[in-house]
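Could you walk me through this structure one selection at a time? I have it open in my viewer and would like to know what to click next and what I will find there.

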Amino acid sequence: MALVSTQTAALGLGFMAQLLFSSRIILQWIQSERAKRVLVPVRFWQISLISSFLMILYGMLRHDPIILAAQLISYGIYIRNLQLLGEWGKLHGAFRAGAYIFPLAAIGWFVAGTSFFSLQTMLENRIPGGVLVLGAVGQTIFLLRFVYQWLYSERKGESVLPLGFWLVSLIGSALILAYAVLRRPVDYVLILGNVPGIVVYARNVVLLRREIKGLRVEEIEQ
């Protein structure tokens, strides 16, 4: 009974996180379509941060090392993007303190272990080696998009999502989707999160390529 309730709680957290992730992508997509170019609103990063924290908890409850490792890194990158945008300092002090403390406390609790989740149980996971490698490669590529975006933004001195970000997102998301389908049990949370994402990533690639082509034409004409 306890296992069932734990898995139910995990799925609830996972679906909530993925709905939030999807909402940020849809928000970004709508604003980009209206502007006919790729835009990334501040709300995108704020929603990402909250969603990532929920996915950290989901990864622990599912004892999934792929999800947990990826979300811990992403979490820090989301905070950094808010700092680059000058929005981090505008958030309430209590929220910022909680954003730093909660993940550390959760990880400490996970390492200590409980009857519901523990680091030891995760290390003993039974995900087939080949599937685990596929997931690790997919998540690594997916994470590299933010490392690339972070370094690109640091050079620019502002938060920017370049074409390479969306191309890497598309490839990484497709591999994670394959991992979610092949994993046992099947991870419907990851499927829900990546199917709409693939559509939006592809559309952003089209919009950005069109924008870049337009800029090149203008430069030639000038």
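A search of the whole of this predicted model turns up five salt bridges. Let's visit some of them, then move on to the helices and the surface.

**Stop 1: R62 and D187**

Select R62 and D187 and show their side chains. These two form a salt bridge, and the closest N and O atoms are 3.6 Å apart. Now trace the chain from one to the other: R62 sits in the loop between α2 and α3, while D187 sits in the loop between α7 and α8, 125 residues apart. So the pair links distant parts of the chain. Are these residues buried or exposed? R62 has a relative accessible area of 12%, so R62 is buried. D187 is at 0% relative accessibility, so D187 counts as buried too. The cut-off to keep in mind is that buried means under 20% relative accessible area.

**Stop 2: D64 and R183**

Keep the view where it is and add D64 and R183. Here is another salt bridge, with 3.0 Å between the closest N and O atoms. D64 belongs to the loop between α2 and α3, and R183 to the loop between α7 and α8, 119 residues apart. Both D64 and R183 are buried.

**Stop 3: H63**

Before leaving the loop between α2 and α3, click on H63, which lies there as well. What is the phi of H63? It is positive, about 55°, although H63 is not a glycine. H63 has 14% relative accessibility, so H63 counts as buried.

**Stop 4: the helices on either side of that loop**

Now colour helix α2 (residues 42–61) and helix α3 (residues 65–84). They pack with their axes 9 Å apart, at an angle of about 155°. How are the two helices oriented to each other? Angles over 145 degrees count as roughly antiparallel, and therefore α2 and α3 are roughly antiparallel to each other. Turn the model a little to look at how they cross: α2 passes α3 in a left-handed crossing.

Stay with α3 and select L68, which is in this helix. Its relative accessible area is 6%, so L68 is buried. Add L49 and draw a distance between the C-alpha atoms: L68 and L49 are 19 residues apart along the chain, and these atoms are separated by 14 Å.

**Stop 5: further along α3**

Move along helix α3 to N81. N81 is at 1% relative accessibility, so N81 counts as buried. Which separation do you get for the C-alpha atoms of N81 and W150? They are separated by 7.5 Å, with the two residues 69 residues apart along the chain.

Next, select R80 and E154. These residues form a salt bridge whose closest N and O atoms are 2.7 Å apart. This pair links distant parts of the chain: E154 is in helix α6 (residues 129–156) and R80 is in helix α3, 74 residues apart. How accessible are the two partners? E154 has 33% relative accessibility, so E154 counts as partly exposed. R80 is at 28%, so R80 also counts as partly exposed.

**Stop 6: S169**

Jump to helix α7 (residues 163–182) and pick out S169. With a relative accessible area of 0%, S169 is buried. Add F146 to the selection: the C-alpha atoms of S169 and F146 are separated by 9.0 Å, although the residues are 23 apart along the chain.

**Stop 7: a patch on the surface**

For the last stop, switch on the surface and select L11, F15, L19, Y188 and L192. Together they form a nonpolar patch on the surface, with about 450 Å² of accessible area. Which elements give two or more residues to this patch? They are α1 (2–35) and α8 (188–221). Helix α1 gives the most, with three residues.

Finish by clicking on Y188, which is found in helix α8. Y188 has 53% relative accessibility, so Y188 counts as exposed. For a contrast, click back to D187, which counts as buried at 0% relative accessibility.

Key:
Residues numbered from 1 in each chain as written. Predicted model: local features only at pLDDT ≥ 70, side-chain atom pairs only at ≥ 80, totals over all residues. Heavy atoms only, no water. Patch = residues over 30% accessible without salt bridge, like charges linked within 9 Å, V, L, I, M, F, W, Y side chains within 5 Å. Areas by Shrake-Rupley, 256 points an atom, 1.4 Å probe, with all protein chains shown as cover. Salt bridge = Lys/Arg side-chain N within 4 Å of Asp/Glu carboxyl O. Helix = DSSP H or I, 4+ residues; strand = E, 2+ residues; numbered from the N terminus. Buried < 20%, exposed > 50% of the residue type's maximum accessible area, 1.4 Å probe, protein only. Axes fitted to C-alpha atoms, helices over the stretch in contact; angles between N-to-C directions. Parallel < 35°, antiparallel > 145°, perpendicular 65-115°, else oblique. Left-handed = near helix turned anticlockwise from the far one by under 90°.
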